[in-house]
Amino acid sequence: MTRLLLTLQYLGTRYAGWQTQTNATGVQQVVEEALATLFGSPVRIHGAGRTDAGVHAAAQRAHFDAPFTIPPRGLLLGINQLLPPDVRVTRVEEVADDFHARFSTISKTYAYRIWNAEVADVFTAETHAHVAKKLDHLAMRDAAQWLRGEHDFAMFTVADPEVS
């Protein structure tokens, strides 16, 4: 078996987050369904982390063990034909057998975008928060200084996460 790492992007509006769930559709589920169709058998994919319902991702990383070899370009084209238009694999690469998308992650980047105008923009409505009133940029810059640097967010996690 070959371990492959996917880079994915998705608009999370229609999804209950990354992780497969019993009561709603997660992005992981639609990717696993596409991989199962390509390989003709169930494939389990492991993400670098979870996202909440409605959250988008520009470069979510996830790995899986391919039951047989499909050239990366063929896999990239084939899976994107099977995925819904709001989920895309942008890169496929072979990684070491001991690589794990979650435990090998070095960093994560989060971006929060605001569309600051009287009228919301239809082209950014799914990816930006709309704020119609004037923003105090100086106060926002001062407050943002508390977010800069490295931080330990362990207190925001569950004690025994079952993330795959």
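What share of the contacts in the protein chain with a separation of 6 or more is accounted for by residues 24 or more positions apart? In this predicted model, such residues account for 66% of those contacts. The protein chain contains three helices and six strands, and these follow one another along the sequence in the pattern β-α-β-β-α-β-β-β-α. The C-alpha trace spans about 55 × 35 × 30 Å along its principal axes. Of the 164 residues in the protein chain, 34% are buried.

The packing of two helices is considered next. Two packed helices are described by the angle between their axes and by the distance between the axes. Helix α1 comprises residues 27–39 and helix α2 residues 72–82. Their axes come within 9 Å and cross at roughly 120 degrees. The two helices are therefore oblique to each other, and α1 passes α2 in a right-handed crossing. On the side of α1, the contact is made by Val31, Ala34, Leu35, Thr37, Leu38 and Phe39; on the side of α2, Leu75, Gly78, Ile79 and Leu82 take part. Eight of the residues in this contact are nonpolar, two are polar and none is charged.

The buried residues of α2 are Leu75, Gly78, Ile79 and Asn80. Leu75, Gly78 and Ile79 also belong to the contact with α1. The elements that cover the buried residues of α2 include strands β1, β3 and β4 (87–95) in addition to α1.

Two loop positions, Gly17 and Thr51, are in contact with each other. Gly17 lies in the loop between β1 (2–10) and α1. Its relative accessible area is 1%, so Gly17 is buried. Apart from residues up to four places away in sequence, Gly17 touches Gly26, Val27, Thr51, Asp52 and Ala53. The C-alpha atoms of Gly17 and Gln28 are 8.5 Å apart, at a sequence separation of eleven residues.

Thr51 is placed in the loop between β2 (46–47) and β3 (57–66). Beyond its neighbours within four places in sequence, Thr51 is in contact with Tyr10, Gly17 and Trp18. With Tyr10, the side chain of Thr51 forms a polar contact of 3.1 Å, side chain to side chain. With Trp18, the partner atom is the backbone nitrogen, which the side chain of Thr51 reaches at 3.1 Å.

Tyr10 and Trp18 are also among the residues touched by Gln60, which is found in strand β3. Gln60 has a relative accessibility of 9% and therefore counts as buried. With residues up to four places away in sequence not counted, Gln60 touches Leu6, Thr7, Leu8, Tyr10, Trp18, Ala48 and Gly49. For Gly49 there is a polar approach as well: a polar atom of the Gln60 side chain lies 3.0 Å from the backbone oxygen of Gly49.

Ala48, one of the residues touched by Gln60, is also touched by Ala101. Ala101 is situated in the loop between β4 and β5 (114–116). Because its relative accessibility is 1%, Ala101 counts as buried. Setting aside residues up to four places away in sequence, Ala101 touches His46, Gly47, Ala48, Arg61, Ala62 and His63. Ala101 and Leu5 are 96 residues apart in sequence, with a C-alpha to C-alpha distance of 7.6 Å.

Asn116 is found in strand β5. With a relative accessible area of 32%, which lies between the 20% and 50% limits, Asn116 is partly exposed. Outside its neighbours within four places in sequence, Asn116 is in contact with Val131, Ala132, Lys133, Leu135 and His137. The side chain of Asn116 has polar atoms placed against two backbone oxygens: that of Val131 lies 2.8 Å from a polar atom of this side chain, and that of Lys133 lies 2.9 Å from one. Asn116 and Asp52 are 64 residues apart in sequence, and their C-alpha atoms are 24 Å apart in space. Asp52, for its part, is one of the residues touched by Gly17.

How values were computed
Residues are numbered from 1 along each chain as its sequence is written. This is a predicted model: local features need pLDDT of at least 70, side-chain atom pairs count only at pLDDT 80 or more; totals for chains, interfaces and linings use all residues. Side-chain values use heavy atoms; hydrogens and water are left out. Axes are lines fitted to C-alpha atoms, for helices over the stretch in contact, and angles run from 0 to 180 degrees between N-to-C directions. Helices (H or I, at least four residues) and strands (E, at least two) are DSSP runs, numbered from the N terminus. Angles under 35 degrees count as roughly parallel, over 145 as roughly antiparallel, 65 to 115 as roughly perpendicular and the rest as oblique. A crossing is left-handed if the near helix is turned anticlockwise from the far one by less than a right angle, and right-handed if clockwise. Contact means heavy atoms within 4.5 Å. Ala, Val, Leu, Ile, Met, Phe, Trp, Tyr, Cys and Pro count as nonpolar, Asp, Glu, Lys and Arg as charged, and the others, Gly among them, as polar. A polar contact is a pair of N or O atoms within 3.5 Å; within protein, one must be able to donate a hydrogen and the other to accept it, and residues adjacent in sequence count only if both atoms are side-chain atoms. Buried means under 20% relative accessible area, exposed over 50%, partly exposed in between (1.4 Å probe, protein chains only).
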